[in-house]
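This report walks through one protein model for a reader at the bench. The sequence and the structure come first, and the description follows.

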Amino acid sequence: MTSASKSQIIKGNSNNMKISLGMVDNIGYKSAITSEIFSIDKTAPVIDVVFDGEAQNEKYYKSTRVATVTITDANFSPELVEFITTGPNPRISKWEHVAGDNCNGKIHTGKCSYTCKVYFEEDGDYTFSLKCQDLAGHETVYGKTEEFTIDILETEFRNETCQWHLTTF
């Protein structure tokens, strides 16, 4: 046998699928079996953001504000997440993996999620948004731009330049 051709449609949306191929010719000679592992990813990541804290006058916060960011995806990579912020630089924790159905820690599923916390700790005006891409190239944008002000420091009045003149009548 000098050549052979066969097409096979593989359906699914799964990681770590294995395909193996071996051949036997008409006389009974067998080829070595070769295998390849591959993934089919048809879904984009899902982004969820939950902020803590109670606003004063709609957008003012008098303490540190924390955003808990959760991204659910089978083929997540923290390097492909882009936080889009203005204001003082927030502190971002490491990502933590939460195993989904049938996840063994190495082969992830579409139910796996990844969570980090974004800490807004300094006084200032902030905007916050994000976008991410998975290893298959699917991109998701958060779709909102959160605007808020952190005002932790109490107002201080200093009378250093005024001179008071009291006159009695």
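## An all-strand architecture

The protein contains 12 strands and zero helices, and the model described here is a predicted one. Read from the N terminus, its elements therefore follow one another as β-β-β-β-β-β-β-β-β-β-β-β, by the run-based definition of strands and helices. Of the 169 residues of the protein, 28% count as buried.

## Pairing around β10

A convenient place to begin is strand β10, which spans residues 124-133 and runs antiparallel to strand β6, residues 81-86, with six bridges joining the two. β10 is also joined by five bridges to strand β12, residues 146-150, again in an antiparallel arrangement, and three bridges link β10 to strand β11, residues 139-141, which likewise runs antiparallel to it. β12 has a further pairing, with strand β4, residues 60-61, where two bridges join strands that run parallel. The table gathers these pairings.

| Strand pair | Bridges | Direction |
|---|---|---|
| β6 (residues 81-86) and β10 (residues 124-133) | six bridges | antiparallel |
| β10 and β12 (residues 146-150) | five bridges | antiparallel |
| β10 and β11 (residues 139-141) | three bridges | antiparallel |
| β4 (residues 60-61) and β12 | two bridges | parallel |

Individual residues show how these strands are put in register. T127 of β10 is the bridge partner of T86, and T127 also stands opposite E147 in β12. I150 of β12 is the bridge partner of G124, and I150 is the bridge partner of Y61 as well. How enclosed is β12 by the rest of the structure? Four of the five residues of β12 are buried, so this strand is largely enclosed by the rest of the structure.

## The β10-β11 hairpin and T140

β10 and β11 form a hairpin with five residues between the strands, and in this hairpin G137 takes a positive phi near 95 degrees. Within the pairing of these strands, C132 has T140 of β11 as its bridge partner. Both partners are buried: C132 has a relative accessible area of 2%, and T140, at 14% relative accessibility, also counts as buried because the cut-off is under 20%.

T140, which lies in strand β11, also makes a contact outside the strand pairing, since its side chain reaches the backbone oxygen of P45 at 2.6 Å. T140 and I71 are 69 residues apart in sequence, while their C-alpha atoms are 9.8 Å apart in space.

## Cysteines and the H108 loop

The structure holds zero disulfides. Among its cysteines, C112 is buried, with a relative accessible area of 0%, and C132, described above in the hairpin, is buried at 2%.

H108 lies in the loop between β8, residues 96-98, and β9, residues 113-120. Is H108 buried or exposed? At 19% relative accessibility H108 counts as buried, because the cut-off for that class is under 20%. The side chain of H108 takes part in two polar contacts described here, one of 3.2 Å with the side chain of H97 and another of 3.4 Å with the side chain of Y114.

## The largest pocket

Rolling a probe the size of a water molecule over the atoms shows where empty space is left. In this model, the largest pocket holds about 280 Å³ of space. Its lining comprises 12 residues, and those that lie nearest the centre of the pocket are K6, Q8, I19, S20 and L21. Strands β1 (17-21) and β2 (34-38) each supply at least two residues of this lining. By residue class, the lining of the largest pocket is made up of six polar, four nonpolar and two charged residues.

Note on methods: Residues are numbered from 1 along each chain as its sequence is written. This is a predicted model: local features need pLDDT of at least 70, side-chain atom pairs count only at pLDDT 80 or more; totals for chains, interfaces and linings use all residues. Side-chain values use heavy atoms; hydrogens and water are left out. A disulfide is a pair of cysteine sulfur atoms within 2.5 Å. Buried means under 20% relative accessible area, exposed over 50%, partly exposed in between (1.4 Å probe, protein chains only). On a 1 Å grid over the protein atoms alone, a cavity is a set of points where a 1.4 Å probe fits but cannot get out, and a pocket is an open set with protein on both sides within 12 Å along at least five of seven lines; lining residues have an atom within 4 Å of a point. Grid points are joined across faces, edges and corners, and a volume is the space filled by probe spheres set on the points. Ala, Val, Leu, Ile, Met, Phe, Trp, Tyr, Cys and Pro count as nonpolar, Asp, Glu, Lys and Arg as charged, and the others, Gly among them, as polar. A polar contact is a pair of N or O atoms within 3.5 Å; within protein, one must be able to donate a hydrogen and the other to accept it, and residues adjacent in sequence count only if both atoms are side-chain atoms. Two strands pair if DSSP finds at least two bridges between them.
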